[in-house]
Amino acid sequence: ITGSTMRARNTAEKAEIAQGLKTHVAPLWAKGECLPMIYKTFKFNEIQDAHAAMDTGEHIGKIVVEVI
């Protein structure tokens with residue numbers, strides 16, 4: 001899962017970026033070749049530890065919190 005803020009871009013630029021993702025990145029996701037890098041996974045009751053890990057800024061990759 002990823003996000004991007006493209007507020008400063010016009011509609012044509014946003015469409016071009018979306019098409020590029022669809023053409024070049026989506027096929028990699030479908031094949032499992034473009035996966036997120038997971039730094040650490042925390043249980044929901046460890047949410048304070050997850051925030052502390054994020055606050056250090058030392059992590060590389062995603063910090064995941066299991067909610068189920």
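1. The structure holds one salt bridge. It joins the side chains of K43 and E66, at 3.4 Å from N to O. The two partners come from distant parts of the chain, 23 residues apart. K43 belongs to strand β1, residues 38-43. E66 belongs to strand β2, residues 62-66. Keep in mind that this is a predicted model.

2. How exposed is E66? The relative accessible area of E66 is 36%. Buried would need a value under 20% and exposed a value over 50%, so E66 is classed as partly exposed.

3. Next, the strand pairing. β1 and β2 run in the parallel sense and pair over five bridges. Two positions fix the register. K40 stands opposite I63 of β2. T41 stands opposite V64, also in β2. In a regular strand, side chains alternate between the two faces of the sheet.

4. What links the two strands, and with which hand? Helix α2, residues 47-56, joins β1 and β2 in a β-α-β unit. That unit is right-handed.

5. Helix α1 covers residues 11-30, which is 20 residues. Does its length fit or conflict with the expected rise? At 1.5 Å a residue, α1 should span 28 Å. The C-alpha atoms at its ends lie 27 Å apart, so the two values agree.

6. α1 also has a bend. The angle is about 35°, and the bend is placed at K22. A reader checking the helix should view this bend together with the end-to-end distance of 27 Å.

7. Both ends of α1 deserve a look. At the start, N10 offers a side-chain oxygen, which comes within 3.0 Å of the backbone nitrogen of A12. Just after the helix, G32 adopts a positive phi of about 75°.

8. T5 sits in the segment before α1. Is T5 buried or exposed? Its relative accessibility is 56%, over the 50% cut-off, so T5 counts as exposed. T5 and I38 are 33 residues apart along the chain. Their C-alpha atoms are separated by 22 Å.

9. L35 lies in the loop between α1 and β1. Its relative accessibility is 63%, which is over 50%, and L35 therefore counts as exposed. From L35 to G57 there are 22 residues in sequence. In space the pair is 21 Å apart, C-alpha to C-alpha.

How values were computed: Residues numbered from 1 in each chain as written. Predicted model: local features only at pLDDT ≥ 70, side-chain atom pairs only at ≥ 80, totals over all residues. Heavy atoms only, no water. Helix = DSSP H or I, 4+ residues; strand = E, 2+ residues; numbered from the N terminus. Expected span 1.5 Å × (residues − 1). Bend = angle between axes of the 7 residues up to and from the residue. Polar contact = N/O pair within 3.5 Å; in protein donor to acceptor, adjacent residues only side chain to side chain. Salt bridge = Lys/Arg side-chain N within 4 Å of Asp/Glu carboxyl O. Buried < 20%, exposed > 50% of the residue type's maximum accessible area, 1.4 Å probe, protein only. Pairing = 2+ DSSP bridges. Right-handed = clockwise from strand over helix to strand, strands pointing away.
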